[in-house]
Each structure stands twice: as structure tokens, then as C-alpha cells.
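User: I have a protein model open and would like to go through its fold and a few of its residues. Please keep the answers short.

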Amino acid sequence: MAEKTIMLCCAAGMSTSLLVSKMQKAAEAQGLDAEIFATGASDADNQLESKKIDCVLLGPQVRFMEGQFKEKLAPKGIGVEVIDMKAYGMMDGETVLKQALALIG
């Protein structure tokens with residue numbers, strides 16, 4: 001099992017898949033043992049129940065769901081943030097990985 005598990009959530013789980021691979025490359029370069037995966041908003045609850053997730057990053061297109069996620073995950077100690085729009089647009093895996101790691105603490 002990975003040391004850290006990072007879930008990216010977007011409308012369908014597709015647009016973030018490229019970002020996931022770039023984040024995985026950045027994690028490997030840093031020697032981090034991390035499981036990073038993308039899911040659609042409709043499947044997020046299933047993923048949260050079936051895995052131990054350390055943080056959730058939301059794609060800019062589902063930023064309106066941030067309040068719901070924070071309310072649901074705060075009692076579990078799981079941090080939630082919207083992915084920085086510039087980093088998302090540039091598919092900057094290293095920056096988004098830093099954002100996730102800062103959220104995990």
C-alpha cells in the first residue's frame with residue numbers, strides 16, 4: 001500500500017488522467033511512494049469508502065462542490081482543495097503534487 005493516497009476529482013475523471021500521470025512522474029522523481037488517481041464526481045463517494053485517502057483535489061470544473069466535500073471530509077481529517085487553475089491548465093504535475101503534499105501536511 002502506498003504511503004500517501006491522493007484522489008483527484010473532476011466531472012468525469014477523464015481530464016485529470018493526464019495530470020495524474022504527470023504527478024506520478026514528479027512523485028517518482030522525489031522518491032515518494034504515492035498512489036495518485038482520478039475519479040469522476042459521481043464515483044467519489046465509492047472511492048472514499050473503499051480506500052484510505054489522504055487528500056482530495058478537485059478539478060476547477062467542479063470547484064462548486066468544494067463546500068460539500070469539505071463538510072463531508074473534515075470530520076475524517078481529509079483535506080480538500082481546488083487544484084490551482086494555472087497549474088491545472090498547464091498540466092503541471094509537480095506543482096499540483098506540492099499542493100497535495102501541503103494539504104496532507
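The questions below go from the overall fold to single residues of this predicted model.

User: How many helices and strands are there, and in what order do the elements run?
Analyst: The protein contains five helices and four strands. Read from the N terminus, the order of the elements is β-α-β-α-β-α-β-α-α.

User: Is the protein as compact as a globular protein of that length, or less so, and what is its radius of gyration?
Analyst: For 105 residues the globule rule gives 13 Å. The value for this protein is close to that, so the protein is as compact as a globular protein of that length. The C-alpha atoms fill a box of roughly 35 × 30 × 20 Å along the principal axes. The radius of gyration is 12 Å.

User: Among contacts between residues at least 6 apart in sequence, what percentage join residues at least 24 apart?
Analyst: A contact here means heavy atoms within 4.5 Å. With pairs at least 6 apart in sequence taken as the whole, the share that joins residues at least 24 apart is 70%.

User: Which element gives the most residues to the largest nonpolar core?
Analyst: This core has 17 residues, and those with the most contacts inside it are Ile-6, Leu-8, Leu-19, Met-23, Ile-36 and Leu-57. Two or more residues come from each of strand 1 (4–10), helix 1 (17–29), strand 3 (55–58), helix 4 (85–89) and helix 5 (93–104). The top contributor, with five residues, is helix 1.

User: How many residues are in the other core, the one that includes Leu-58?
Analyst: That core lies apart from the largest one, which has Leu-57 among its best-connected residues. Its members include Leu-58, Met-65, Phe-69 and Leu-73. The number of residues in it is 16.

User: Is Val-82 buried or exposed, and what is its relative accessible area?
Analyst: Val-82 belongs to strand 4 (residues 79–82). Beyond four places in sequence, Val-82 touches Leu-58, Gly-59, Pro-60, Arg-63, Glu-66 and Gln-99. The cut-off for buried is under 20%, so Val-82 is buried, at 11%.

User: How far apart in space are Val-82 and Leu-57, C-alpha to C-alpha?
Analyst: Along the sequence, Val-82 and Leu-57 are 25 residues apart. Leu-57 is itself in contact with residues distant in sequence, including Ile-6, Met-23, Ile-83 and Leu-103. The C-alpha separation of Val-82 and Leu-57 is 5.5 Å.

User: Which residues does Tyr-88 contact, leaving aside its neighbours within four places in sequence?
Analyst: Tyr-88 lies in helix 4 and is buried, with a relative accessible area of 11%. Its C-alpha atom is 7.8 Å from that of Pro-60, 28 residues away along the chain. The contacts of Tyr-88 are Ser-15, Thr-16, Leu-19, Gly-59, Pro-60, Gln-61 and Ile-83.

User: What is the phi of Met-91?
Analyst: Met-91 sits in the loop between helix 4 and helix 5 and counts as buried at 16% relative accessibility. Most residues other than glycine have a negative phi. Met-91 has a positive value, near 50 degrees.

User: Where is Lys-76, and is Lys-76 buried or exposed?
Analyst: Lys-76 is in the loop between helix 3 (66–73) and strand 4. The C-alpha atoms of Lys-76 and Ile-53 are separated by 9.9 Å. Exposed means over 50% relative accessible area, so Lys-76, at 54%, is exposed.

Methods
Residues numbered from 1 in each chain as written. Predicted model: local features only at pLDDT ≥ 70, side-chain atom pairs only at ≥ 80, totals over all residues. Heavy atoms only, no water. Rg over C-alpha atoms; globule rule 2.2 N^0.38 Å. Core = buried A, V, L, I, M, F, W, Y, C linked by side-chain atoms within 4.5 Å. Buried < 20%, exposed > 50% of the residue type's maximum accessible area, 1.4 Å probe, protein only.
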